[in-house]
Amino acid sequence: MIEDKLAALAEQGLYRHRRLVDSPCGPRMVVDGRSVLAFASNDYLGFANDQRLIEATVDAVRRWGVGAGASHYLGGHFRPHDDLEHQLAHFLGLDAASLFSTGYMANLAAVTVMVGRGDAVFADRLNHASLIDAVRLSGADSIRYRHGDVAGLENLLANAKASTRLIVTDGVFSMDGDIAPLADLLAVAERHDAWLLVDDAHAFGVLGPKGRGTAALFGLSSPRLLVVGTLGKAAGVAGAFVAGSELASRWLRQKARTSIFTTASPPMLACALIESLRLIEDADDRRQHLTDLIRRFRQAAAPLCASRGWRLPPSETAIQPLIVGDNRECVALADALLARAIWAPAIRPPTVPVGQARLRISLSAAHSVDDVDQLIEALLAIRP
Ligand SMILES: *Cc1c(COP(=O)(O)O)cnc(C)c1O
């Protein structure tokens, strides 16, 4: 019975509520009718409500209208889409990039075009849900390796028989904030004739020179490398891309069902993203400020967490997980923060492993030093 299942979710502290937002995305938001300081978005560079992006979008909506009208293959591939694809590829130093409406759809495409029944996917245990679903949909054998365990992965690959092998990993893990050991993963891919797919949702725009992402951070390039990036996080708009070699991209465009059988995203969004890409390249100051905020937060939060019995695992990125453990305790902590007008969402299973419920504190270049200090003060003021 659905009623029983819903009651069970509530019982376990797993019922999900959507908070209602009445303001643009930013450090100050109106949430459920109250003004709060927000640490809940993936708007890492503060572009979601940027005036320059707003102007670019308004100009574009007048020039191109509001809808694409069809899929990319049936008359919906507009010049702004094509320009954006070329600019993304150039920015990433890869042969080609193909647009998708969301990162979820890009991941479904990237995995299902590369592997199918009889092939094997090697996936980090903490990969994003969309990658897990993509592997299921592909019909390939799913072989999961311990989080970040490159030696374990190599063993699994050495014993694998499938002819086509794909290693799949988040670049920055979405709920832990740690960075995948990408150089080692690529070396393993090369030794074992495997493809490597990196989901750079939380790295695109933020990590590496000019925000080119995890591969650029490690200085990697390889024809075996496929990169998925989302454009609704640091880029501040919406959409996603799959980028890689000429050959992989040609194949992707022939076979990607989540692009072929869906309406192209509005061309005005591509115009907004072209402007966003320009801002990303020019945003070294924002990336530096974000790095400073991350350091400041961790310095203050580490002793605080130790005294409260919370865990703050190593994370050099804007995603700072404050692991409470118990679902209900975690929700109580999020509620106590909200009572102090601070919004940091409680993340529970199945988004994270059982027993690892956490506050996912996400920092943005739009935050000030004072915002971070307020968060720390509020955490200090809450007595367990
Ligand atoms: C957010 C996210 C996605 C999905 O991207 P959307 O554009 O939001 O659909 C995929 N992978 C990871 C790691 C993510 O965090």
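## Polar contacts with the ligand

Let's start with Lys233: in this predicted model, one of its polar side-chain atoms sits 2.6 Å from an oxygen atom of the ligand. Gly103 joins in through its backbone, where a polar atom is 2.7 Å from a ligand oxygen. His128 offers a polar side-chain atom to a nitrogen atom of the ligand, at 3.4 Å. Taken on its own, the ligand has 380 Å² of accessible area, and the protein covers 82% of that.

## The shell around the ligand

If you would like to explore the site on screen, there are 13 residues around the ligand. Those that come nearest are Gly103, Tyr104, Asp199, His202 and Lys233. Sorted by class, the shell holds 8 polar, 3 charged and 2 nonpolar residues.

Which helix gives the largest share of this shell? That is helix α4, spanning residues 103-114, which supplies 3 residues.

## A nonpolar patch on the surface

Now for another feature to look at: Ile2, Leu6, Leu9 and Tyr15 make up a nonpolar patch on the surface. Together these four residues have about 360 Å² of accessible area.

Leu6 is a handy place to pick up this patch, and you will find Leu6 in helix α1, which runs over residues 2-11. Is Leu6 buried or partly exposed? Its relative accessible area is 38%, so Leu6 counts as partly exposed, because that class lies between the cut-offs of 20% and 50%.

Technical notes: Residues numbered from 1 in each chain as written. Predicted model: local features only at pLDDT ≥ 70, side-chain atom pairs only at ≥ 80, totals over all residues. Heavy atoms only, no water. Near = heavy atom within 4 Å. Polar contact = N/O pair within 3.5 Å; in protein donor to acceptor, adjacent residues only side chain to side chain. Areas by Shrake-Rupley, 256 points an atom, 1.4 Å probe, with all protein chains shown as cover. Helix = DSSP H or I, 4+ residues; strand = E, 2+ residues; numbered from the N terminus. Nonpolar A, V, L, I, M, F, W, Y, C, P; charged D, E, K, R; others polar. Patch = residues over 30% accessible without salt bridge, like charges linked within 9 Å, V, L, I, M, F, W, Y side chains within 5 Å. Salt bridge = Lys/Arg side-chain N within 4 Å of Asp/Glu carboxyl O. Buried < 20%, exposed > 50% of the residue type's maximum accessible area, 1.4 Å probe, protein only.
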